[in-house]
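User: Got a minute to go through the helix packing with me? I'd like to look at a few contacts and a couple of side chains.

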Amino acid sequence: MVVTVRSLGLSGISGYEVRAECFLSGGLPAFDVVGLPDAAVREARERVRAAVKNCGAKFPVSRITVNLAPAGQKKAGTVYDLPIFVGILAASGSLPPLPPDAAFLGELSLTGALRGVTGVLPMAMAAREAGIRQLFVPAENAAEATLAEGLTVYGVPDVKALAAHLKGETPLAPAQAWTPGADTAALPDLRDVMGQENVKRALEVAAAGGHNLLLIGSPGAGKSMLAKRLPSILPDMSREEALAVSAIWSVAGLADPGRPLLTRRPFRSPHHTASAAALAGGGPSMRPGEMSLAHNGVLFLDELPEFRRDVLEAMRQPLEDGEVTVARAGGTLHLPARFQLVCAMNPCRCGWRGHPSGRCACSDREVERYVEKISGPLLDRIDLHVNVPSVEYEAMRRKETPETSAEVKRRVDTARAIQAKRFHGTDTACNAHMAPAQIAEFCRLDSAGEALMKNAFARMGLTARSHDRILRVARTIADLDGSGDIGAVHLAEAIQYRNTDILKG
């Protein structure tokens with residue numbers, strides 16, 4: 001007799017339906033799992049055998065063959081323990097026929113208890129699209145599975161409770177849809193930063209338009225402190241954005257079972273020793289990297305020149321396309337990576353170039369070698385290059401309270417609302433993502449603006465990309481100003497953010 005149990009699997013960060021076909025036949029006792037299983041799936045045989053015996057059921061003494069279809073797709077992880085368990089008991093007659101719209105997933109312990117697995121949210125979304133209406137998952141993952149909506153989710157504590165439910169003896173209660181409560185954890189606030197008004201303005205512009213930002217200054221000037229306060233002024237995520245980010249974090253095993261839906265934009269800050277695979281994703285298990293974990297949020301690279309050249313160059317294509325394409329021998333993986341890049345660096349190796357103390361001893365050639373670690377194409381993709389001067393003593397001892405993040409965020413939200421209306425019905429979310437046709441439509445310049453841009457293009461040696469990025473930044477500055485047109489003052493501010501001379505000390 002063949003029993004088919006519906007389940008789910010993962011391909012990258014996307015779920016797909018898997019059918020566990022269980023066949024019991026005569027012959028010498030054996031237990032085979034086929035369908036391109038990895039080591040973790042093959043080891044399910046021992047976990048299932050122990051769980052069956054420890055839950056009081058009789059393990060069938062026969063030849064057992066389990067096929068995980070589609071057989072050409074590689075299966076990985078422990079998610080198939082539960083469907084194999086259910087299939088064997090149903091094939092042996094220990095369980096009644098299974099509901100045709102039910103699916104099962106989860107890892108078994110030897111005692112029959114269910115342990116949580118990763119990637120439940122994208123698998124639950126795939127289950128809904130496949131017409132599955134009942135989803136049985138470990139109790140630890142039940143809240144996460146309810147985020148997919150359109151499913152009746154059952155959190156299963158152990159296989160005894162599942163068997164009692166399927167037999168109609170003691171029904172399991174469906175999990176209640178999880179709704180996010182108020183997140184009371186406070187984010188770092190801009191009011192903690194004394195002085196640096198020009199940098200705060202640049203942060204506001206970056207947040208309002210989703211622009212990439214480079215902060216250059218001496219040690220202790222507050223570059224990292226300012227960058228870590230950017231999330232406090234970013235607009236809130238929509239539910240679609242939150243689900244996309246939460247699915248990526250779920251696959252990476254970073255989801256919090258108590259708060260499965262991320263309601264705040266992610267802030268990722270990898271160490272400068274990170275590899276290109278850690279940033280882009282991939283590896284033996286084809287996991288998402290830091291660029292994907294920062295999707296719809298901020299990727300902060302502190303000490304930018306200390307990163308390896310190949311690591312930095314791996315960001316060039318995602319910064320343009322909002323997607324990482326990882327091609328390996330095991331397959332090709334497409335991962336979303338629409339992040340806001342924020343970088344911080346010193347002006348030279350010792351860090352004190354241009355400092356009032358005059359303690360820098362680096363030669364001009366040493367400064368050039370230090371800055372040359374960052375390629376021109378990467379710098380061209382960063383919209384705002386901002387100098388972070390050393391904080392003056394008077395600013396540190398100032399008594400008045402600086403502007404709070406909440407006050408700045410209100411202006412950012414107003415500017416983003418203008419952009420949402422402007423790009424309604426398109427895939428563009430903010431000014432930083434405008435396509436060339438949208439730049440031509442929404443970034444028109446008057447005669448004064450045209451003259452200013454022409455002069456800057458020739459004097460600064462701008463590229464076509466940097467020309468477009470200046471116009472995008474100018475559009476954001478005009479939105480913050482509540483202006484429908486880009487004026488010369490808006491364009492002038494945008495141009496001064498492209499001053500690459502500060503990279504030469």
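Analyst: Sure, here's a quick chat through some helix pairs and two glutamates. Keep in mind that this is a predicted model.

User: Let's start with α20 and α21. At what angle do they cross?

Analyst: The axes of α20 (residues 464-480) and α21 (residues 488-496) cross at roughly 130 degrees and come within 8 Å. That angle makes α20 oblique to α21.

User: And is the crossing of α20 and α21 left-handed or right-handed?

Analyst: Right-handed. On the α20 side, the contact is made by Ile-470, Leu-471, Val-473, Ala-474, Ile-477 and Ala-478. From α21 come His-490, Leu-491, Glu-493, Ala-494 and Ile-495.

User: What's that contact of α20 with α21 like by class?

Analyst: There are 9 nonpolar residues, 1 polar and 1 charged.

User: Which residues of α21 are buried?

Analyst: His-490, Leu-491, Glu-493, Ala-494 and Ile-495.

User: OK, and what do the buried residues of α21 pack against?

Analyst: They pack against α7, α19 (447-460) and α20.

User: Since α7 came up, how does it pack with α17?

Analyst: The angle between α7 and α17 (residues 405-422) is about 35 degrees, and their axes are 8 Å apart. This crossing is right-handed. α7 brings Glu-204, Ala-207, Ala-208 and Gly-209 to the contact, while α17 brings Val-408, Arg-411, Val-412, Ala-415, Arg-416 and Gln-419.

User: How many charged residues does the contact of α7 with α17 have?

Analyst: It has 3 charged residues, together with 5 nonpolar and 2 polar ones.

User: Let's zoom in on Glu-204. Buried or exposed?

Analyst: Buried, because its relative accessibility is 6%, and the cut-off for buried is under 20%. Glu-204 sits in α7 (residues 197-209).

User: What does the side chain of Glu-204 make a polar contact with?

Analyst: The side chain of Arg-411, at 2.8 Å. Not counting residues up to four places away in sequence, Glu-204 touches Ile-233, Val-408, Arg-411, Val-412 and Leu-480. Arg-411 and Val-408 are also among the α17 residues in the contact with α7.

User: Switching topic: where is Glu-290 found?

Analyst: In helix α11, which covers residues 290-293. Glu-290 is buried too, with a relative accessible area of 15%.

User: And which residues is Glu-290 in contact with?

Analyst: Leaving aside neighbours within four places in sequence, Glu-290 is in contact with Arg-268, Pro-270, Ala-278, Leu-279 and Leu-299.

Conventions:
Residues are numbered from 1 along each chain as its sequence is written. This is a predicted model: local features need pLDDT of at least 70, side-chain atom pairs count only at pLDDT 80 or more; totals for chains, interfaces and linings use all residues. Side-chain values use heavy atoms; hydrogens and water are left out. Axes are lines fitted to C-alpha atoms, for helices over the stretch in contact, and angles run from 0 to 180 degrees between N-to-C directions. Helices (H or I, at least four residues) and strands (E, at least two) are DSSP runs, numbered from the N terminus. Angles under 35 degrees count as roughly parallel, over 145 as roughly antiparallel, 65 to 115 as roughly perpendicular and the rest as oblique. A crossing is left-handed if the near helix is turned anticlockwise from the far one by less than a right angle, and right-handed if clockwise. Contact means heavy atoms within 4.5 Å. Ala, Val, Leu, Ile, Met, Phe, Trp, Tyr, Cys and Pro count as nonpolar, Asp, Glu, Lys and Arg as charged, and the others, Gly among them, as polar. Buried means under 20% relative accessible area, exposed over 50%, partly exposed in between (1.4 Å probe, protein chains only). A polar contact is a pair of N or O atoms within 3.5 Å; within protein, one must be able to donate a hydrogen and the other to accept it, and residues adjacent in sequence count only if both atoms are side-chain atoms.
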